[in-house]
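Visitor: Please show me the model, and then let me ask how its labels were decided.
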Amino acid sequence: MGRKEENTGFVCSHCGKEVLPLTGGSYRNHCPFCLYSLHVDIIPGDRASECGGQMEPIGMVYNSNKGWQIVHRCQKCGFERSNMISEDPRQPDDINAVTALMRRAAR
């Protein structure tokens, strides 16, 4: 699947809100409102996973190359992956949701 096919909007399967595609050559892999994702990749961007489970945001990590990342865990199979937060000007990740996740993770 090419980058153009990956960079499409979607309706979040967790909260039901409409999510716009990212700009600037990147693509969105989680909802900017509730921060949930779907387990659709084996390797980021390949859309080859057959699991399809909801990926719950469970924490935050800091990567010196990529900045703050959301840690997601699949509710179906337990797979974990980190994804960069989005600061896209059209629809950035909700700062209140991100800070709430940081607070929960710090406990």
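The exchange below covers the cysteines and then the sheet.

Guide: This is a predicted model, in which local features need pLDDT of at least 70 and side-chain atom pairs count only at pLDDT 80 or more, while totals for chains, interfaces and linings use all residues. Residues are numbered from 1 along each chain as its sequence is written, and side-chain values use heavy atoms, without hydrogens and water.

Visitor: How many disulfides does a search of the whole structure find?

Guide: Zero. Cys-15 is in none, with the nearest cysteine sulfur, in Cys-31, 3.7 Å away; a disulfide is a pair of cysteine sulfur atoms within 2.5 Å.

Visitor: What makes the sulfur of Cys-77 too far for a bond?

Guide: The closest cysteine sulfur, that of Cys-74, lies 3.8 Å from it, so the pair is too far for a bond.

Visitor: Why is Cys-15 called partly exposed?

Guide: Because its relative accessible area is 32%; buried means under 20%, exposed over 50%, and partly exposed in between (1.4 Å probe, protein chains only). Cys-77, at 48%, also counts as partly exposed.

Visitor: What makes S3 and S6 edge strands?

Guide: The open sheet has the order S3-S4-S5-S6 with antiparallel pairing. Strands are DSSP runs of E, at least two residues, and helices runs of H or I, at least four, numbered from the N terminus. S3 (37-38) and S6 (80-84) each pair on one side only.

Visitor: How do you know that S4 and S5 pair?

Guide: Strands pair if DSSP finds at least two bridges between them; S4 (residues 54-63) and S5 (residues 67-74) have eight, in the antiparallel sense. The bridge partner of Tyr-62 in S5 is Trp-68.
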